[in-house]
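I set out to record a few local environments and one helix pairing. The entries follow the order in which I looked them up.

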Amino acid sequence: MGTNLEMDFGSGSKLPIQEFAEKAYLEYSMYAILDRALPSIGDGLKPVQRRIVYAMSELGLSSVSKHKKSARTVGDVIGKYHPHGDSACYEAMVLMAQDFSYRYPLIDGQGNWGSTDDPKSFAAMRYTESRLTRYAKALLQELDQGTVQWLANFDGTLSEPAVLPARLPNVLLNGAAGIAVGMSTDIPAHNLNEVVDACVHLLDHPRATVQELCQYIKGPDCPTDAEITSSQAELQELYTTGSGTFRMRARYEKEDANLVITALPYQVSGAKILEQIAQQIHAKKLPMVANLRDESDYENPVRIVITPRSGRTDTEALISHLFATTELERNYRVNLNVIGTDGRPQVKNLRSMLKEWLAFRTETVRRRLQWRLDKVNSRLHILEGLLLVYLNLDEVIRIIREEEDSKASLIKTFRLSDEQAEAILNIRLRNLAKLEEAKIQAEQLALSGECSELQQVLKSARRLKTLVKKELQQDAREFGGPRRSVLVERSASSALDESELVPAESITVVLSRRGWARAAKGADFDVRTLNYKLGDEYQSHVTGKSNQPVLFLDTQGRCYALPAHILPSARSQGEPLSGRLKTADGVEFAGMMMGEPDEHFLIASSAGYGFVCKLEDMLTRNRAGKTVLSVPKGAKALAPVKVRDLGQDWIVAVGSQGHMLVIPVRELPILSRGKGNKIINIPGRKVASGDEAMCVVTLVQDKESITLHSGKRIKKMSAREVKTYAGERAQRGSRLSRGYRSVDAIAVHCTKPRGVLKVSGG
């Protein structure tokens, strides 16, 4: 239906709205690409930048003139050449004046022109003053020498240059960034000496490859002292394709135990870096940092001091972590998209860009020489006529005095051109002296020599190329300098593991019956002081370090892991594990584990089977956990127990019918997952029906006593009594005395200063 709609333009012509929309959008796209966002390969400037520089030259704001208010320049630009907003125009002007944004600034500013911490903190244009820099001379020096095409301004009352006659490849020296419609450009800055050397090499060797040119242009050179850490292969690939990325990293020094950052990557704010590091410290993700301060001043524009908490801190690992987690290391996108001499935007590689600019520069020099030759020939023509005055002075005076149309008579008598006759008539009487004749002859001789030289250069492509080369080298000596961004090939930084960033503090993790977890500082925390939600109660607790993971074993034999430091404080009622873990509906947790990765735990099911497992074998990053213990039908996993010594620990297993068996833990296999071996004999049919099960399992050592809890009844057993229940693995075990045939839990009284271990039943 949309194709039937038409737009009436008032003059009687109509267009289908679809065709009109396509045409209007295409015109807008081309305008954004050609007249706003992309730089020209000739002078490396966007239209607004070109108009600012040209307007300042017209105002006489050269590098040796007095500064003038920036508002004066902006007014001329938007009033004569660029009918857009004054704020956008002024921002473009500010960018060209910031030595931390432009490698070779075009504008010399007085006043507040922004800072590296906040580039847009510049003062209003009514406060700042500006003029052009010396480098801007390389763009404007040949402007009035017939080198460029002139276009009418927006209202047709003035003329402006289509492109400035740049003597240097400014498109690579200062770079550019812009977003058009459907395309963008990101050209980094480069070192002037390196680019000129590459241009000279390409003039001498027109078939030079990108790889050869990269021997001269080794990489970008941004207006910062930070390091470029990309490899030469990466940079060469970037210049070969015209697009890619490169990496920059801050520079730092070690002063005593401190790390001092002295240079930041391009367009990275020191205030932003301080904020990013401070956020990590506040979030307790940088426990190895004791202090952070900013000591930047006029003499040291960047000086951020990081003080480690201890002299034993691995500063290399710390700074690598900061590189990876803050903007101390950044990747920069590169897209060498420019408007070529044919007026079309295109992504070019390094060779095609330099070759096209050299063609532009060669044509500019040729036009300049031709303009000069025309001027010289015109002057020689005038001088030839002036010499006739001195050879026929009396006759010339007579014609001027007596003839009514002296100009026509001069032309007829001496066969002069109109220009020669006009020049003769404009001679002052004082210039008729004999000395002036000698001056004219000397000038004629000099101009004749210059004319001959110009003709020779214009006729010879080799001489023209040599002239271009000499001028490039001359400008390199005048404006060039050493590289700022040092090239140091380094691998990308990596962040520290999360566990390394958490302080190793003793904590107690508490789990409730309904699966709510919380953590308290200290290993001797009294869990009896905690409150629980209505209908919930204490289930178990485990002690460890805050930088260790907590493993949760559910009754189905699946194991889950969470970093201990992310658990809420014990002052709250905790949070449900179902919010952080992907558990099955209605699942319950059997217990928890914490410790070093190589520590062992006894894992068992109520069916009477179990095995010993390393903690690291049970670790998982999967929110859904992983199956560690195969639980037979009708059974469930019991609370895991930490193994203190594989050679000294004894397993105490109690069945629900009152049978107890004590066997060495070494009789069980060490597995990473599985069902395990039979610990105590529980008939399978009774397990499936729920009639009988292994209800409690724990570990004891020699000389350790235990306490059996059966409801409200308590039975203490000495180490000697415990040993009387020793038997062979998979036996039924000996029956406990009447009243203790339904054991709920076993408390182990350690001989070492470990307190009392109480293991609940299933």
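Which residues does S606 touch, not counting residues up to four places away in sequence? I worked from a predicted model. In it I found S606 in contact with A635, K636, L638, A693 and M694.

I next placed S606 along the chain: S606 sits in the loop between β27 (600–604) and β28 (609–614). I then looked up its accessibility. The relative accessibility of S606 is 5%, so I entered this serine as buried, the cut-off being under 20%.

I turned to a second loop residue, D649. I located D649 between β30 (641–643) and β31 (650–655). I noted D649 as buried, yet I found no salt bridge for it. The nearest side chain of opposite charge belongs to R644, and I recorded its distance from D649 as 4.4 Å. I did find a polar contact of 2.6 Å between the side chains of D649 and Q701. Leaving out residues up to four places away in sequence, I listed V643, R644, P664, V665, L699, V700 and Q701 as touching D649.

My last entry concerns two helices. I described the pair by the angle and the distance between the axes, as is done for two packed helices. The axes of α2 (residues 47–58) and α4 (residues 86–97) come within 10 Å and cross at roughly 80°. I therefore classed α2 and α4 as roughly perpendicular to each other. On the α2 side I noted V48, Q49, I52, V53 and M56, which meet C89, A92, M93 and M96 of α4.

Conventions. Residues are numbered from 1 along each chain as its sequence is written. This is a predicted model: local features need pLDDT of at least 70, side-chain atom pairs count only at pLDDT 80 or more; totals for chains, interfaces and linings use all residues. Side-chain values use heavy atoms; hydrogens and water are left out. Helices (H or I, at least four residues) and strands (E, at least two) are DSSP runs, numbered from the N terminus. Buried means under 20% relative accessible area, exposed over 50%, partly exposed in between (1.4 Å probe, protein chains only). Lys and Arg count as positive and Asp and Glu as negative; His and the chain ends are not counted. A salt bridge is a side-chain nitrogen of Lys or Arg within 4 Å of a carboxyl oxygen of Asp or Glu. A polar contact is a pair of N or O atoms within 3.5 Å; within protein, one must be able to donate a hydrogen and the other to accept it, and residues adjacent in sequence count only if both atoms are side-chain atoms. Contact means heavy atoms within 4.5 Å. Axes are lines fitted to C-alpha atoms, for helices over the stretch in contact, and angles run from 0 to 180 degrees between N-to-C directions. Angles under 35 degrees count as roughly parallel, over 145 as roughly antiparallel, 65 to 115 as roughly perpendicular and the rest as oblique.
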